[in-house]
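Thank you all for coming; I would like to walk you through one structure this morning, beginning with how far it can be trusted and then turning to two places in it.

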Amino acid sequence: MRWTLKPKPSAEKIQHLAQALNVEDFVATLLVQRGIETFEDAKAFFRPSLTHLHDPFLMKDMDKAVIRIEQAIENQERILVFGDYDVDGTTAVSLVASYLKTYYPNVDTYIPDRYLEGYGVSFKGIDYAEDNEFSLIIALDCGIKSIDHVAYANAKNIDFIICDHHRPGDQLPDAVAVLDPKRNDCFYPYDELCGCGVGFKLIQALGSNRNETIEDLLPYLDLVATAIAADIVPMTGENRVLAHFGLQVINDDPRPGIKALVHQVKKKTLDITDVVFIVAPRINAAGRIRHGNYAVQLLTEFDFDQAQAFALEIEQNNADRKELDQQITQEALRQITNNKEENRFSTVVFQEDWHKGVIGIVASRLIETHYRPTLVFTKSGEKYAASARSVKGFDVYNALEACAEHLEQFGGHMYAAGMTLQPENYAAFKTAFEKQVQETILPEQRVQEIEIDAEIDFCNITPKFIRILKQFEPFGPLNMTPVFMSKNVIETGYGKPMGKDNEHLRLFVKQNQSEGLAAIGFGMGNKLGIVTHQKPFEAAYCIDENEWNGKTSIQLRLKDTRS
């Protein structure tokens, strides 16, 4: 791994903020690195407030969306809430549908079948709307590129409101309203909302017409926080505020569906990492293994006993998902080895019987072994479908756009995307994608990087520092968990491998005359030789609180070690 120490901000800025907040210079450094330079910036960062949320009507077309929904309610029209099958989509559908149903009954939901319909708005979904006399579709977390689909719906006298957060193409769909903060002509102050976040802005606007305050909408923020965590959007601005208050709802009074997913977790207070690794995968598993409808069913169920029954089914889906992604990952790694493709600039693999629901997870797993932009293809109907994942700094969406002549459709973000193509175009696409990556990826993007916020000594790890660090939460992109490095670290003789195959490390380390600290290194069992025999080493780590048997202690979570 490549260790990169973040540039240290100017001494003047650090000293000014340290004095204003009465904190140590290295704490001020962490804040300035995150763009926090004044007392007021720090107050907003450490004390998120609902007053920091923007007026939803600043979003382009929001007024049109609200007028059309109110018109539908007045005319007793049937409204179909349509969304993608991933966490962002199913939480967004659950949020908007459950909100509308609090005062209007003629609302139903539709999640496309991952395998029969694929990503986004589908013709089958529009036909379903026509057959069941829906005259308004609200599409969430999808639709920004659905030009033909919206035209098809218009021909059937079905109106569309699109709530999306993906990048638009050159042309927008001919919908009644297109809510997307990434529109070039949208000047909403924050453009990094997830799909569920855009849905929340819609109900915020609808609520203002009913004299509801933001406090009245707090119960919906458990869904928004879950989507923010799962969709890996920047943890800044509105996302940080929504996630902060959403976590409070998850911990204090979550909806029965989320409560059923987490009620057996022994941890007293869940953080955003717990949402990423406990809540989100289970919601996702429903759409991956069975159907996204099951996730919506869980998240909109208000009887806890029934929610528990749904959660048990989804728990089994998640277990099946784990088994599948492990199996397919091993098959893909063998394919790379057998085809002698270890030295390529990209990974593109295909097997027609791979489960479409887990290929995105498999792509992420492959990057852990072969660190490069990765696409995993499987057969979907008569076409090939793929999920793409990327490495730090490389925009896989742009790379796909450069190869668009070989693709039937694609969409996504800088680090994650999906696509379909005709089987006869696969070989040409694979060649073109490799060429595009080879020509555009930077040398440093081909080596996994540990970005280190600051070098500190163990004596800096005080209870006060830990309390301040906890206030940096919730963590996420652009506000990641701080990574520190320390030199002249000594293992005290208690170090040992752990895990079924000794793949992990458990250590007890000291530095100079400091008190010892427990440390754990997941997947670092091969580093045992570096840290034993009282040899000084350098450590890159995060600082965690470890809960065990009702006791909380400080633990270093090692990222890497070096001599």
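What pLDDT does the protein average? The average is 91, and 99% of the residues score at least 70, pLDDT being the predictor's confidence in each residue, from 0 to 100. This is a predicted model, in which local features need pLDDT of at least 70 and side-chain atom pairs count only at pLDDT 80 or more, while totals for chains, interfaces and linings use all residues. Residues are numbered from 1 along each chain as its sequence is written, and side-chain values use heavy atoms, with hydrogens and water left out.

Let me begin with Asp164, which is buried (under 20% relative accessible area, with a 1.4 Å probe and protein chains only). Asp164 has no salt bridge (a side-chain nitrogen of Lys or Arg within 4 Å of a carboxyl oxygen of Asp or Glu), and the nearest side chain of opposite charge, Lys182, is 8.2 Å away. The side chain of Asp164 does make a polar contact (a pair of N or O atoms within 3.5 Å, one able to donate a hydrogen and the other to accept it) with the side chain of His166, at 2.7 Å.

Turning to the aromatic rings, Phe350 and Tyr384 form a stacked pair (centres within 6.5 Å, planes under 30 degrees apart), with 4.2 Å centre to centre and 25 degrees between the planes. Phe350 is buried, with a relative accessible area of 18%, and Tyr384 is buried at 13%. Finally, Phe350, Phe377, Tyr384, Tyr426, Phe429 and Phe433 form one aromatic cluster.

Terms used:
Buried < 20%, exposed > 50% of the residue type's maximum accessible area, 1.4 Å probe, protein only. Lys, Arg positive; Asp, Glu negative; His and termini not counted. Phe/Tyr/Trp six-rings, centres within 6.5 Å; stacked < 30°, edge-to-face > 60°.
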